[in-house]
Amino acid sequence: MFNGAGVAVVTPFKGEDLDFRAFEKLVDFHLENDTQALIVLGTTGEASTQNSEEKEELIKIAVKRVNKKIPVIIGVGTNDTRTTLKNTEQAERLGADGLLLVTPYYNKATQKGLIEHFTMVANHTKLPIILYNVPSRTGMNIDADTTIAMSKLENIVGIKEASGNINQILEIRRNVSDDFKIFSGNDDQILSTYACGGNGVISVVSNIIPKETQAMCKAYMD
């Protein structure tokens, strides 16, 4: 997928409407400033408040303007498996390079339920998937054992870890293959995640200082 700093890009608004022209400028800004991947329709992009038509237009813009220069990864997760599958189909049809799959928020599924949900999505697409663990937003954690089990599926290739639990990141790293990527979901834990064997960050601060964030990641990798 990528190494270093990918951006959890914001979705700009103009009044109550999405500002697609400003979004185009944001995409260009990241292409010019060393961002390693564009993550569209994540938490920072306010995906849970957007309808299917708005999501489609954002994906089209991102895919067209990036033009394969860096990976375009689309957030498809919702609290409903059927809707998540529709979002997955939409992202794949529009040319996404990968998917970001958050836990079904609010529902508080069991770990077994999470495995069934993630497996169903993985079996529904050929695109690589990054799981997204953000219990402060969703109300539940992806346990290390669940991540380890999911890493055995061919197209689940990594996790964005925003649990803040360094021990959990270490447990995952010890028990997954070297190819499975671990990205920090918290900008204040980029270096900690690297120290635990991580591969970079899906960053919010990169919306403002992408070049500097990538330079920090590169310095560690070098």
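**Entry 1: α2 and α3**

I started with the crossing of α2 and α3, which is right-handed. The model I am reading is a predicted one. By class, I find two nonpolar, three polar and three charged residues in the contact of α2 with α3.

Next I looked up the geometry of the pair. Helix α2 covers residues 52-66 and helix α3 covers residues 81-93. I noted an angle of about 30° between them, and their axes are 10 Å apart. That makes α2 roughly parallel to α3, because angles under 35 degrees count as such.

Which residues meet here? On the α2 side I listed Ser52, Lys55, Glu56 and Ile59. On the α3 side I listed Asn87, Gln90, Ala91 and Arg93.

**Entry 2: threonine 78**

I moved on to the loop between β5 (72-75) and α3, where threonine 78 lies. Is threonine 78 buried or exposed? I read a relative accessible area of 6% for threonine 78, so this residue is buried, the cut-off being under 20%.

I then checked the polar partners of threonine 78. Its side chain has a polar atom 2.8 Å from the backbone oxygen of aspartate 80. The side chains of threonine 78 and threonine 84 are joined by a polar contact of 2.9 Å.

What does threonine 78 touch, leaving out residues up to four places away in sequence? I wrote down Thr83, Thr84, Asn87, Thr103, Pro104 and Tyr105. Asn87 was already in my notes, as one of the α3 residues that α2 meets.

**Entry 3: glutamine 168**

My last residue was glutamine 168, found in helix α7 (residues 166-175). Its relative accessible area is 9%, so I entered glutamine 168 as buried.

How far apart are the C-alpha atoms of glutamine 168 and aspartate 143? I get 7.8 Å, for two residues 25 apart along the chain. Aspartate 143 also appears among the residues that glutamine 168 touches. With residues up to four places away in sequence set aside, I listed Asn133, Asn141, Ile142, Asp143, Ala144, Glu161 and Ser163.

Two of these contacts I followed up at the side chain of glutamine 168. With the side chain of asparagine 141, there is a polar contact of 2.9 Å. At isoleucine 142, the side chain of glutamine 168 reaches the backbone oxygen at 3.3 Å.

Terms used:
Residues numbered from 1 in each chain as written. Predicted model: local features only at pLDDT ≥ 70, side-chain atom pairs only at ≥ 80, totals over all residues. Heavy atoms only, no water. Axes fitted to C-alpha atoms, helices over the stretch in contact; angles between N-to-C directions. Helix = DSSP H or I, 4+ residues; strand = E, 2+ residues; numbered from the N terminus. Parallel < 35°, antiparallel > 145°, perpendicular 65-115°, else oblique. Left-handed = near helix turned anticlockwise from the far one by under 90°. Contact = heavy atoms within 4.5 Å. Nonpolar A, V, L, I, M, F, W, Y, C, P; charged D, E, K, R; others polar. Buried < 20%, exposed > 50% of the residue type's maximum accessible area, 1.4 Å probe, protein only. Polar contact = N/O pair within 3.5 Å; in protein donor to acceptor, adjacent residues only side chain to side chain.
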